[in-house]
Amino acid sequence: MLLARLAEVSRDVSATSARSRKTALLADLFADTRPEHAALVISYLAGRVPQGRIGVGWSTLKDPPPPAGAPTLTVAGTDAALTALAALRGPGSQHDRRRLVRELLAAATEEEQRFLTRLLIGEVRQGALDAIALEAVAVAASAPADAVRRAVMLDGSLPRVARALLAEGPAALESFRLRVGHPVLPMLAHTAASVTDAVRTLGAPCAVEEKLDGIRVQVHRDGDTVRIHTRSLDDITDRLPEVVEAARRAAGDRFILDGEVIALHRDGRPVAFQEIASRVGSRTDVAAARATLPVSPVFFDVLTADGMDTLDLPGSQRHAVLARLVPEPMRVRRTVVTDPADPAQLAAAEEFLAATLARGHEGVMVKALDAPYAAGRRGRAWLKVKPVHTLDLVVLAAEWGHGRRTGLLSNLHLGARAADGTFTMLGKTFKGLTDEMLRWQTHHLSELAVADDGFTVRVRPELVVEIAYDGVQRSPRYPAGVTLRFARVLRHRPDKTAGEADTVERVVAGLG
């Protein structure tokens with residue numbers, strides 16, 4: 001496939017707000033896509049480069065050579081060029097990088113140059129692309145969208161599912177099943193203002209569980225083999241030997257468990273998330289890291305156990321299976337509300353939240369007992385309740401600090417997800433940042449930088465930060481017409497993707 005075809009569709013998808021039109025445009029494109037190129041096409045349309053960071057920023061792209069007069073550059077050829085760029089290392093690599101980029105751009109038409117520039121600096125944003133692409137792949141392959149969605153949930157990769165579907169048709173969906181050792185996307189939650197509101201919203205028997213401030217993990221055991229994956233499906237098994245040992249002590253020998261990795265002080269209060277993230281992120285001297293900060297898993301769900309998939313079982317039955325597998329100290333604390341209309345049970349649920357907060361945890365999860373495990377979905381069957389207003393926002397830029405923050409990226413420009421897939425700025429904050437956090441974000445944001453005018457560094461919108469705030473107020477200074485009152489950074493969330501950030505719609509709803 002010519003890159004010009006993909007660039008044209010990308011332009012047209014960006015230009016329309018109608019979901020049906022976006023889907024039709026993508027379905028036509030996928031119908032013309034060779035199965036072996038499906039993953040590349042989907043990645044490029046979503047603004048992702050499979051090679052990851054390839055060291056190409058705005059300074060390398062801002063002065064392109066004259067464009068080609070006619071399209072000859074293919075999607076596969078583009079991928080080969082980017083692979084060569086990603087492989088460059090050592091002395092002279094910067095010169096070679098500039099040369100290869102110019103060769104790639106010289107082979108591209110004007111439309112293709114625009115697309116490639118946006119792709120390489122992370123500005124291809126086209127509105128819920130993954131969800132729309134999934135529907136478009138279903139249309140192109142004449143497959144039921146729900147069946148395709150479930151296959152993606154279980155496999156964790158739309159590109160892999162798309163390749164199989166385009167090659168084999170709907171029958172390929174039968175091969176995508178829950179497999180021990182193969183991570184699936186975790187179930188996510190919406191937000192509720194209080195425990196009482198959450199219980200009443202569900203309107204059915206529910207469990208109220210501690211919401212732990214740790215690292216979400218999915219633990220797979222098949223005999224003596226244990227694998228541990230993050231919410232973004234990264235394998236971190238080698239970094240968590242104590243979790244491997246805990247999984248081997250479980251009653252079953254073939255299962256997938258969902259939980260959190262936490263650490264506790266001697267008084268039983270939880271260690272701060274940032275310290276746990278640093279421990280889990282450490283790839284060297286794991287023994288020393290374990291000695292300094294031992295961690296332990298706490299589980300709250302099970303996806304399969306001893307040959308029986310439990311995904312579609314109601315929450316009450318899944319918990320019974322979990323209780324057979326792991327002892328109580330390795331299960332999250334919970335209380336059950338059998339009657340959402342009973343004032344005494346609502347009061348007990350609120351008391352459970354108060355006790356959870358007193359132990360130092362961040363809130364509770366309220367989960368419908370009759371709901372299945374919706375892998376990869378932010379379902380309404382799980383509601384999180386935290387006493388502080390928080391949002392997960394994306395860093396769009398950062399300003400160089402001054403005084404004691406000289407040389408550090410400090411004031412963060414914060415954005416929420418808009419309906420078209422772009423990010424809308426809501427305001428700035430430098431509050432809440434410790435010296436360690438400043439150093440970490442300076443290093444990380446420097447790797448994401450696409451422009452630096454000496455005052456503000458504009459970055460690819462990839463880093464998520466959890467922001468606490470006191471309320472939402474109207475402000476003509478920002479595009480959405482609102483800003484956050486007394487915003488402060490609670491923590492960086494490198495375990496979350498920009499696609500998981502909160503929406504402008506949710507922020508605006510806070511005006512009420």
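1. About 90 Å³ of space lies in the largest cavity of this predicted model. A search of the whole structure turns up one cavity of 30 Å³ or more.

2. Which residues line the largest cavity? The lining is made by Glu209, Phe300, Asp301, Gly315, Arg318, His319, Arg334, Lys367, Ala368, Leu369 and Trp382. Sorted by class, the lining has five charged, four nonpolar and two polar residues.

3. Now place that lining on the fold. Three elements give two or more residues to it: β6 (296–305), α15 (315–325) and β9 (363–368). Which of the elements gives the most? That is α15, with three residues. Keep β6, α15 and β9 in mind for the points below.

4. Start with the sheet that holds β6. Five strands form an open sheet, and their order is β4-β3-β5-β6-β7. The pairing in this sheet is antiparallel. At the edges stand β4 (225–230) and β7 (308–309), each pairing on one side only.

5. Look next at one pair inside that sheet. Strand β5 covers residues 254–262 and pairs with β6 in the antiparallel sense, over eight bridges. To find the register, look for Leu257, which stands opposite Val302 in β6.

6. Helices also meet this sheet. α15 packs on it and touches β5, β6 and β7. The direction of α15 makes about 120° with that of β6. Helix α13 (residues 273–281) lies across β3 (215–222) and β5. It runs at about 40° to β3.

7. The strand β9 belongs to another sheet. Here five strands form an open sheet in the order β1-β10-β9-β2-β8, and the pairing is mixed. Why is one side of β1 and of β8 left without a neighbour in the sheet? β1 (188–191) and β8 (334–337) stand at the edges and each has a single partner strand, so one side of each stays without a neighbour there. From one strand to the next, the twist averages 35°.

8. Within this mixed sheet, β9 pairs with strand β10 (residues 378–385). The sense is antiparallel, over four bridges. Met365 stands opposite Lys384 in β10.

9. Which strands does helix α16 touch? Helix α16 (residues 343–358) packs on the sheet and touches β2 (206–211), β8, β9 and β10. The direction of α16 makes about 140° with that of β9.

10. Last, the charged side chains. Side chains of opposite charge can pair when their charged atoms come close. How many salt bridges does the structure hold? It holds 36. One to find is between the side chains of Arg99 and Glu103, at 3.2 Å from N to O. Both residues lie in helix α6 (residues 93–106). Arg99 and Glu103 are four residues apart, about one turn of the helix.

Key: Residues are numbered from 1 along each chain as its sequence is written. This is a predicted model: local features need pLDDT of at least 70, side-chain atom pairs count only at pLDDT 80 or more; totals for chains, interfaces and linings use all residues. Side-chain values use heavy atoms; hydrogens and water are left out. On a 1 Å grid over the protein atoms alone, a cavity is a set of points where a 1.4 Å probe fits but cannot get out, and a pocket is an open set with protein on both sides within 12 Å along at least five of seven lines; lining residues have an atom within 4 Å of a point. Grid points are joined across faces, edges and corners, and a volume is the space filled by probe spheres set on the points. Ala, Val, Leu, Ile, Met, Phe, Trp, Tyr, Cys and Pro count as nonpolar, Asp, Glu, Lys and Arg as charged, and the others, Gly among them, as polar. Two strands pair if DSSP finds at least two bridges between them. Contact means heavy atoms within 4.5 Å. Axes are lines fitted to C-alpha atoms, for helices over the stretch in contact, and angles run from 0 to 180 degrees between N-to-C directions. A salt bridge is a side-chain nitrogen of Lys or Arg within 4 Å of a carboxyl oxygen of Asp or Glu.
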